[in-house]
Amino acid sequence: ASSIGGKKHSISTDYVLKVLGLDICSDTFVGNDMLRGVSGGQRKRVTTGEMIVGPRKTLFMDEISTGLDSSTTFQIVKCMRNFVHLMEATVLMGLLQPAPETYELFDDVILLSEGYMVYQGPRGKVLEFFESLGFKLPPRKGVADFLQEVTSKKDQAQYWADPSKPYVFIPVSEMAIAFKNSRFGKSLESTLSAPFDKSQSHPSALSRTKYAASRWELLNSCFAREKLLMTRQSFLYIFRTFQVAFVGFVTSTIFLRTKLHPVDEINGNLYLSCLFFGVVHMMFNGFSELSLLIFRLPVFYKQRDNLFHPAWIWSVVSWSIRVPYSAIEAVVWSCVLYYTVGFAPSAGRFFRFTFAQFVLHQMAVSLFRMLASLARDLVVANTFGSASLLLVFLLGGFVIPKDQIKPWWVWASWLSPLQYAQRAVSINEFTATRWKKISAIGNNTIGYNVLHQHGLPSAKYWYWLGVGVLIGYAVIFNIIVTLALAYLNPLSKGKAIVPEETEENSVRKDVESEKLTSDSSSAQGSSKKGMILPFEPLAMTFHNVNYSVDMPV
């Protein structure tokens with residue numbers, strides 16, 4: 001049944017959802033800081049489900065109960081128990097002080113202390129082993145707490161139950177030797193020493209490829225996910241489309257064709273201003289991709305490190321699926337603005353104008369995706385994104401004509417993508433027939449004078465050169481995005497480091513508790529340096545606090 005195509009979900013996915021108890025929230029968003037989603041326990045189970053939905057049958061889980069209450073921890077461990085028993089898997093899990101109900105769910109127990117393995121074997125036999133050493137579990141005491149305290153020199157005496165001889169502290173090393181000599185240790189040793197029969201191994205037991213599926217299947221899977229995410233974020237893209245249409249309508253009413261006529265340089269400058277505003281608007285529309293990529297990076301890094309898919313497939317798919325939307329924005333902007341303002345009425349020039357807007361939008365999207373992949377932090381990315389916009393606009397060739405830029409900044413103007421976009425749309429407009437009338441100023445045409453006044457070229461080949469450079473920028477930016485996603489890791493959060501206290505240092509703190517300087521710390525032999533956080537103790541009082549915990553079934 002799982003091999004039949006055309007299903008929205010596979011049988012394996014539905015089975016894992018049922019085993020982990022996630023079928024009741026399968027259509028709920030996981031959520032984030034701004035969106036309420038599933039609970040904390042369900043979120044941890046979602047993370048587990050990502051790992052076990054594939055062919056993986058061995059999981060190593062360390063301290064998964066951190067931040068969860070005992071009821072939620074019980075539910076997660078119970079789901080993992082179902083996964084182990086129903087899907088023939090193996091889970092090695094470490095828990096901090098599990099509740100008795102949670103402890104009873106395990107099949108085997110491994111007790112480690114001070115670098116020694118004190119016990120490894122069935123859960124039901126662990127008390128029998130310690131009773132052979134002279135220790136007994138008292139009534140109303142959890143087995144997990146007993147195992148943690150019986151190896152401690154401070155707490156071991158209270159569990160001594162052999163009246164025939166006085167209590168003597170048994171160190172962990174002697175417990176480990178006693179385990180090796182017991183029937184549990186000998187059974188474990190005989191099991192591990194027996195050679196494995198490779199003929200019983202399944203051909204698919206060991207992975208022979210880096211990824212679980214072929215490149216084509218990974219490409220299709222990533223494309224389907226990107227399509228689903230765009231569908232879920234459809235409000236954003238629909239809103240942006242209407243925003244483009246609204247801004248185009250407002251712009252067309254400002255530069256209305258009834259007020260503009262291609263008769264002199266003054267009107268030509270107004271047409272050029274409208275073209276520049278359109279270029280700037282398309283650049284700004286790509287800025288939203290910066291935050292969208294930043295929010296998706298944590299999930300990407302987790303799936304990349306777990307070899308769900310290579311970085312280049314995710315990068316190519318996430319870029320290519322936005323190509324149609326760039327075309328939609330360019331068409332909407334051109335249809336609303338072009339003939340309303342009264343640009344050159346030729347159909348060929350209209351399509352060239354639309355194509356230039358489309359390529360410019362793709363370049364802008366790629367630019368901000370590159371900044372997001374390199375910065376990997378929203379604050380840093382917004383800072384560099386705003387600075388890059390200012391530099392691109394300043395060196396774009398309209399705010400300051402290229403001929404007036406200082407010689408030591410000319411190289412930067414050639415690197416500005418906005419300059420090539422401005423040249424492409426300007427050449428497309430001012431080389432039209434209606435701008436070839438002889439100007440009253442000099443012996444040149446009106447179109448030539450407008451272009452020359454702003455330091456723009458007049459050769460027609462500059463349109464295709466500008467479009468080609470924009471395409472090249474888009475490709476280069478996307479290559480950098482792919483390399484950054486493949487080789488860079490997520491930024492680690494900074495933590496305050498508190499130096500460890502020595503006995504002499506603690507005595508000094510009792511004598512002089514108001515001030516602690518780095519000089520006094522080094523004088524007392526402190527080996528670590530760090531930041532001391534100011535702390536003022538406060539007393540908090542609660543009134544009528546009710547706390548309810550669901551009892552496990």
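Helices and strands are here DSSP runs, helices of at least four residues (H or I) and strands of at least two (E), numbered from the N terminus.

**Figure 1. Overview of the predicted model.** The structure shown is a predicted model. Its chain contains 22 helices and four strands. Of the 553 residues of the chain, 39% count as buried. Among contacts between residues at least 6 apart in sequence, 70% join residues at least 24 apart.

**Figure 2. Surroundings of leucine 20, in the loop between helix 1 (11-19) and helix 2.** Leucine 20 is buried, its relative accessible area being 0%. Residues up to four places away in sequence aside, leucine 20 touches Arg45, Thr48, Gly49, Ile52, Cys79 and Met80. One of these partners, methionine 80, is 60 residues from leucine 20 in sequence, while the two C-alpha atoms are 7.1 Å apart in space.

**Figure 3. Arginine 45, a buried residue with no salt bridge.** Arginine 45 belongs to helix 2 (residues 40-52). The nearest side chain of opposite charge is that of aspartate 23, at 7.4 Å from arginine 45. A salt bridge requires a side-chain nitrogen of Lys or Arg within 4 Å of a carboxyl oxygen of Asp or Glu, so a separation of 7.4 Å does not qualify. Not counting residues up to four places away in sequence, arginine 45 is in contact with Leu20, Gly21, Leu22, Gln75, Ile76 and Cys79. Aspartate 23 instead forms a salt bridge with lysine 18, with closest N and O atoms 3.1 Å apart. Lysine 18 is exposed, at a relative accessible area of 58%, and aspartate 23 is partly exposed, at 32%.

**Figure 4. Salt bridges in the chain.** The count comes to 12 salt bridges. Side chains of opposite charge can pair when their charged atoms come close. In one salt bridge, the closest N and O atoms of arginine 183 and glutamate 128 are 2.7 Å apart. This pair links distant parts of the chain, since arginine 183 lies in helix 8 (residues 183-193) and glutamate 128 in helix 5 (residues 126-133), 55 residues apart. Arginine 183 is exposed, at 51% relative accessibility, whereas glutamate 128 is partly exposed, at 36%. A further salt bridge joins the side chains of lysine 141 and glutamate 149, with an N to O distance of 3.4 Å. Lysine 141 is partly exposed, with a relative accessible area of 27%. Elsewhere, a network of salt bridges links Glu226, Arg240, Glu289, Arg296, Arg322 and Glu329.

**Figure 5. Two residues other than glycine with positive phi, glutamate 63 and arginine 140.** Most residues other than glycine have a negative phi. Glutamate 63, however, has a positive phi of about 55°. This residue is found in the loop between strand 1 (58-62) and helix 3 (70-87), and glutamate 63 is partly exposed, at a relative accessible area of 30%. For arginine 140, phi is near 60°. Arginine 140 is placed in the loop between helix 5 and helix 6 (143-149), where its relative accessibility of 89% makes it count as exposed.

**Figure 6. Helix 13 (residues 311-320) and its cover.** The buried residues of helix 13 are Ala311, Ile313, Trp314, Ser315, Val317 and Ser318. Among the elements that cover these residues are helix 9 (215-232), helix 12 (288-305), helix 15 (347-375) and helix 20 (461-487).

**Figure 7. Right-handed crossing of helix 15 and helix 16.** The axes of helix 15 and helix 16 (residues 378-394) come within 9 Å and cross at roughly 145°. Helix 15 contributes Phe368, Leu371, Ala372 and Ala375 to the contact, and helix 16 contributes Val380, Ala381, Phe384, Gly385, Ser388 and Leu389. By class, this contact has eight nonpolar and two polar residues, with no charged residues.

**Figure 8. Valine 425 in helix 18 (residues 417-430).** Valine 425 is buried, with 3% relative accessible area. Apart from neighbours within four places in sequence, valine 425 is in contact with Leu275, Val279, Phe353, Ala356 and Gln357. The C-alpha atom of valine 425 is separated by 9.9 Å from that of phenylalanine 355, a residue 70 residues apart along the chain.

Terms used
Residues are numbered from 1 along each chain as its sequence is written. This is a predicted model: local features need pLDDT of at least 70, side-chain atom pairs count only at pLDDT 80 or more; totals for chains, interfaces and linings use all residues. Side-chain values use heavy atoms; hydrogens and water are left out. Buried means under 20% relative accessible area, exposed over 50%, partly exposed in between (1.4 Å probe, protein chains only). Contact means heavy atoms within 4.5 Å. Axes are lines fitted to C-alpha atoms, for helices over the stretch in contact, and angles run from 0 to 180 degrees between N-to-C directions. A crossing is left-handed if the near helix is turned anticlockwise from the far one by less than a right angle, and right-handed if clockwise. Ala, Val, Leu, Ile, Met, Phe, Trp, Tyr, Cys and Pro count as nonpolar, Asp, Glu, Lys and Arg as charged, and the others, Gly among them, as polar. Lys and Arg count as positive and Asp and Glu as negative; His and the chain ends are not counted.
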